[in-house]
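Let's take a walk through one pocket and a handful of charged side chains. Keep the 3D view open as you read.

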Amino acid sequence: MPEVKSVRLTETVKAGGCASKLSPAILDQVLSKLPRQHDPNVLVGFDHADDAGVYRISPDTALVQTVDFFTPMVDDPYTFGQIAATNALSDVYAMGGRPITALAHVCFPASGDLEVLKQILAGGLSKMMEASCTVVGGHSIRDEETKFGYSVTGLIDPARIFTNGGAHPGDRLLFTKALGTGVISTAIKKSTAKQSWIDAATRSMTTLNKTATEIILAFSTAARVETDLRPIHSLTDVTGFGLIGHAREMALASNVSLQFGLHQIPLLEGALDCIRAGDIPGGLRNNRDFAEYVVGYEGGIAEELKTVLFDPQTAGGLLIAVAPQHSQELLRLLQAGGVPAVEIGEVLERTKPLITIAA
């Protein structure tokens, strides 16, 4: 791409990426008071804070719909566009859907460098093309803070929808990416992040969840043919509310409790260094204020390790609840497909605390 005038996108915004989102406490307070619409074709709505909405249009076809946009978390415009697209596509993949079309959402200063805008759009388009998702239009407004993202529509078989509900006691919890993009993005904004940290976080944030979802769908279909049972019971992506926030949603929607092995949870290089240095985004604090009351810690756990569990992830990984007899095979297939999945915990009968972190 052509070079642009020297501009640090992260310096132009107060918070970057998913750390710029509203507090989950605010959303919970507002959404809980809205009236519920009753449409039998709505297969998944916002009742359980799922990743995307699903609307049936025929007996064997439904639409998956989502929207996601945010402020820059990296300084390079092209990379920012790629990350925004990767993040927007993730919600469709988390439902088990196939993205087909997208509409761009652009907020950009009226006096901004148009080459910067061009590179943002080009970066986003590159990831949409990788996903075989066609950008069919969009909308733009003047805004002093740059924001970018997409509304994405996908297709899904109504019989093969994954939601954040349905996890069973005994299920194993698999996770496909490492935590730490929020704190590293904050360090980028402060110009304190090492290049190796930036590179690792950028690779994570620009990696589509496409391959992981394709493997999950193929595995689920094959297992159901053999056993007539669904091996994967729950699926969600870990994004702006952090691992604990999205785990809380899975636990509540499934009426179960979750236990995580702290040292099984993968972390990006530099994540703990950023926390120790105080590079903590406001979104992390909001997540912790909202969700830590459901968490119990077992054993001596360092403060920075507790903190990273609430880190708002941008284009984060998939959290999968899979039947125990199928977990190792799914893990093997994911890793063989280049997905750095690991087992990080298990599902328990509903108890208190809702989420346990074991040292």
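Below we look at a pocket, then at a lysine in its lining, then at salt bridges.

Please keep in mind that this is a predicted model.

The second largest pocket has a volume of about 290 Å³. Its lining is made up of 18 residues, and those nearest its centre are Thr-176, Lys-177, Thr-207, Gly-338 and Pro-340. Helix 5 (195–205) and helix 6 (210–227) are the elements that give two or more residues to this lining, with helix 5 supplying the largest share, three residues. By class, the lining counts nine nonpolar, seven polar and two charged residues.

Lys-177 deserves a closer look. This residue sits in the loop between strand 7 (172–175) and helix 4 (181–189). Where does its side chain turn, given that Lys-177 is buried yet has no salt bridge? The nearest side chain of opposite charge, Asp-237, is 8.7 Å away. Instead, a polar atom of the Lys-177 side chain lies 2.8 Å from the backbone oxygen of Thr-207, and the side chain also reaches the backbone oxygen of Ala-315 at 2.8 Å.

Elsewhere, salt bridges do form: the whole structure has ten. Here are some of them.

| Salt bridge | Closest N and O atoms |
|---|---|
| Lys-127 and Glu-130 | 2.8 Å |
| Asp-143 and Lys-147 | 2.7 Å |
| Glu-292 and Arg-288 | 3.0 Å |

Salt bridges with shared partners also join Arg-172, Glu-343 and Glu-346 into one network.

Lys-127 and Glu-130 are three residues apart in helix 3 (residues 114–130), about one turn of the helix. Lys-127 counts as buried because its relative accessible area is 9%, under the 20% cut-off, while Glu-130 is partly exposed at 41%.

Definitions and conventions. Residues numbered from 1 in each chain as written. Predicted model: local features only at pLDDT ≥ 70, side-chain atom pairs only at ≥ 80, totals over all residues. Heavy atoms only, no water. 1 Å grid on protein atoms, 1.4 Å probe; cavity = no way out; pocket = protein on both sides within 12 Å on 5 of 7 lines; lining within 4 Å. Points joined across faces, edges and corners; volume = space filled by probe spheres on them. Helix = DSSP H or I, 4+ residues; strand = E, 2+ residues; numbered from the N terminus. Nonpolar A, V, L, I, M, F, W, Y, C, P; charged D, E, K, R; others polar. Buried < 20%, exposed > 50% of the residue type's maximum accessible area, 1.4 Å probe, protein only. Lys, Arg positive; Asp, Glu negative; His and termini not counted. Salt bridge = Lys/Arg side-chain N within 4 Å of Asp/Glu carboxyl O. Polar contact = N/O pair within 3.5 Å; in protein donor to acceptor, adjacent residues only side chain to side chain.
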